[in-house]
Amino acid sequence: MNRWTAVQWTRVLAVGSVLGLIVLGLAWELWLAPLRPGGSWLALKVLPLALPLAGLIKQRMYTYRWVSLLVWLYFTEGMVRATSEPAPGAVFAAIEVLLCLVLFAACGLHVRWRLRNAAAPRTETVQ
């Protein structure tokens, strides 16, 4: 059985939360609780989230670093809408906030653990 490392788990969490934010943002603004009946242009807010997917999957350190900054824009939007919208929209905003927190933690831990693993001395066994 293959054991996953902590770095692999953080990658799964980061990619999953970005995909979750994309799906939530589209469903929220187009069908579930749009600002205007029939959907709104606010659904385009998920486009910047599609950009880092390849870098997250390929474990590019730079992508994890800038996504951990980008996520705060979505966190702020979620907090504002969670406290200002009625019931269905407020629930989706709370889910958005939760996904943002998971994404931030996953990116931060991913970078930290990869740097720690890179700095750790390697012991070679001679056979």
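## A buried charged network beside a nonpolar core

Both glutamate 77 and lysine 45 are buried, where buried means under 20% relative accessible area with a 1.4 Å probe and protein chains only. The model is predicted, so local features need pLDDT of at least 70 and side-chain atom pairs count only at pLDDT 80 or more, while totals for chains, interfaces and linings use all residues. Residues are numbered from 1 along each chain as its sequence is written, and side-chain values use heavy atoms, leaving out hydrogens and water.

Let's start with the charges. Five salt bridges are counted, each being a side-chain nitrogen of Lys or Arg within 4 Å of a carboxyl oxygen of Asp or Glu. Three of them are set out here.

| Salt bridge | Closest N to O distance |
|---|---|
| Lysine 45 and glutamate 29 | 3.3 Å |
| Glutamate 77 and lysine 45 | 2.8 Å |
| Arginine 81 and glutamate 77 | 3.0 Å |

Arginine 81 and glutamate 77 both lie in helix H4, four residues apart, about one turn of the helix; helices here are DSSP runs (H or I, at least four residues) numbered from the N terminus. Arginine 81 is buried as well. Through shared partners, salt bridges join Glu29, Lys45, Glu77, Arg81 and Glu85 into one network.

How does lysine 45 connect separate stretches of chain? Lysine 45 forms a salt bridge with glutamate 29. Lysine 45 sits in the loop between H1 and helix H2 (47–50) and glutamate 29 in helix H1, so this pair ties together parts that are 16 residues apart in sequence.

Lysine 45 also helps to line the largest cavity, together with Leu21, Leu24, Gly25, Trp28, Val46, Leu49, Tyr74 and Glu96. A cavity is a set of points on a 1 Å grid over the protein atoms alone where a 1.4 Å probe fits but cannot get out, and lining residues have an atom within 4 Å of a point. The space inside is about 40 Å³, a volume filled by probe spheres set on the points, which are joined across faces, edges and corners. H1 gives the most to this lining, with four residues.

Leu49 leads on to the largest nonpolar core, which has 28 residues, with Val18, Leu49 and Leu103 having the most contacts inside it. Such a core is a set of buried Ala, Val, Leu, Ile, Met, Phe, Trp, Tyr and Cys residues joined through side-chain atoms within 4.5 Å. Helices H1 (6–32), H3 (53–57), H4 (61–84) and H5 (87–119) each supply at least two of its residues, and H5 gives the most, with nine.

Methods: Buried means under 20% relative accessible area, exposed over 50%, partly exposed in between (1.4 Å probe, protein chains only). On a 1 Å grid over the protein atoms alone, a cavity is a set of points where a 1.4 Å probe fits but cannot get out, and a pocket is an open set with protein on both sides within 12 Å along at least five of seven lines; lining residues have an atom within 4 Å of a point.
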